[in-house]
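Q: Please take a close look at one part of this model, a sheet and what packs on it. Explain it step by step for someone new to the subject.

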Amino acid sequence: MDIGIDLGTANTLLYVRGQGIVLNEPSVVAVKEGSRGALAVGTEAKETIGRTPGSITAIRPLKDGVISDFEAAEEMIRHFVRKALPGRRPRARMVICVPSGVTQVERRAIVHAAQGAGARAVHLIEEPMAAAIGAGLPVADPRGSMIVDIGGGTSEVAVISLGGIVTSQSLRVGGDRFDSAITDYVRREHSLLIGERTAEDVKVAIGSAWPVPGEDAFEMRTFTVRGREKVAGLPKTVDLTVREVRAALDEPVEAIIAAVRVTLEECPPELSGDVMEHGIVLTGGGALLPGLDLRLASATGIPVFVADDPLDSVALGCGKCVEDFDGLVR
């Protein structure tokens, strides 16, 4: 039994050989103080974020794409594998996606966590390569393909040719950074304290990186947020506009654009010509931010396209490697 795991900061996806993606749940574990094991994992645990009593803690085992809590990560992987394969306890071979910028220590932590969860063999594949495969790019051809994968904790920018990464940038900016930027803006401009779940709701509802042509109605939208007033400590309500949220997201979006520029500067001239001709492909949850493709195209002068299934691109690419596990190892 072979399993592919997109072990993300925000969500974890499992691909089972011959079955496709069978699980997609938040990377959250709820634990009780003084007890062993987890009270809840995944969707159930995410519902407790910001609402737990003092004795219960909602943990994100991964931070910026790497394991920050080893025991919680091992428990989470074990729980998801059991949920994906009910009634069966095979010692599976696993293919796990990791950011391209992780250290050897961080790689070993992921391997050990998977082995502790019951893996018979573990093979790691870099996220930009998996995202490019999942997006259908011709990674094995002698042609430059540029991928920008914006996940929950990290953003990966890479130029791929002949089955390998020619040049890449990995920065710890992603969906979580978008949420914290909104939280900071609301606290600074409106003296209102909001939680990460509220910030995520704002991002999904009215977040954007660039005015989208023909979306005048969207530009007029507002979103009501409720939180605690910073000085008085009392409940307070504020209506945020699309332009305010766009201004809040400006800093992390510019960081991603800067990484794309650096990657293009380090790219060999022949491959740069291929990228100019065929464009840049966006994957990951961040690719769904309205106007991001237009802003990136304006900043680089290169066509930018969003993958057909940006949220699942990494998991699908990982799954294609699972289907040919022996070829991957070779």
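A: Two strands count as paired if DSSP finds at least two bridges between them. The model is predicted, and by that rule it has an open sheet of 5 strands. Their order is β13-β12-β11-β17-β18, and the pairing is mixed. At the edges lie β13, residues 164–171, and β18, residues 304–306; each of these pairs on one side only. On average, neighbouring strands of the sheet are turned by 20° against each other, direction ignored.

One pair within the sheet can be followed residue by residue. Strand β11 covers residues 145–150 and strand β12 covers residues 155–161. The two pair in the antiparallel sense, over 6 bridges. In this pairing, Met146 stands opposite Val159 in β12.

A helix also belongs to the picture. Helix α9, residues 250–266, packs on the sheet and touches β11, β12, β13 and β17, the last being residues 280–283. The direction of α9 makes about 150° with that of β13.

A further point concerns cysteines in the structure. A disulfide is a covalent bond between the sulfur atoms of two cysteines. The structure holds 0 disulfides. For Cys97, the closest cysteine sulfur is in Cys318, at 3.8 Å, which is too far for a bond because the cut-off is 2.5 Å. Cys97 counts as buried because its relative accessibility is 2%, and Cys267 counts as buried at 7%.

Definitions and conventions
Residues numbered from 1 in each chain as written. Predicted model: local features only at pLDDT ≥ 70, side-chain atom pairs only at ≥ 80, totals over all residues. Heavy atoms only, no water. Helix = DSSP H or I, 4+ residues; strand = E, 2+ residues; numbered from the N terminus. Axes fitted to C-alpha atoms, helices over the stretch in contact; angles between N-to-C directions. Contact = heavy atoms within 4.5 Å. Buried < 20%, exposed > 50% of the residue type's maximum accessible area, 1.4 Å probe, protein only.
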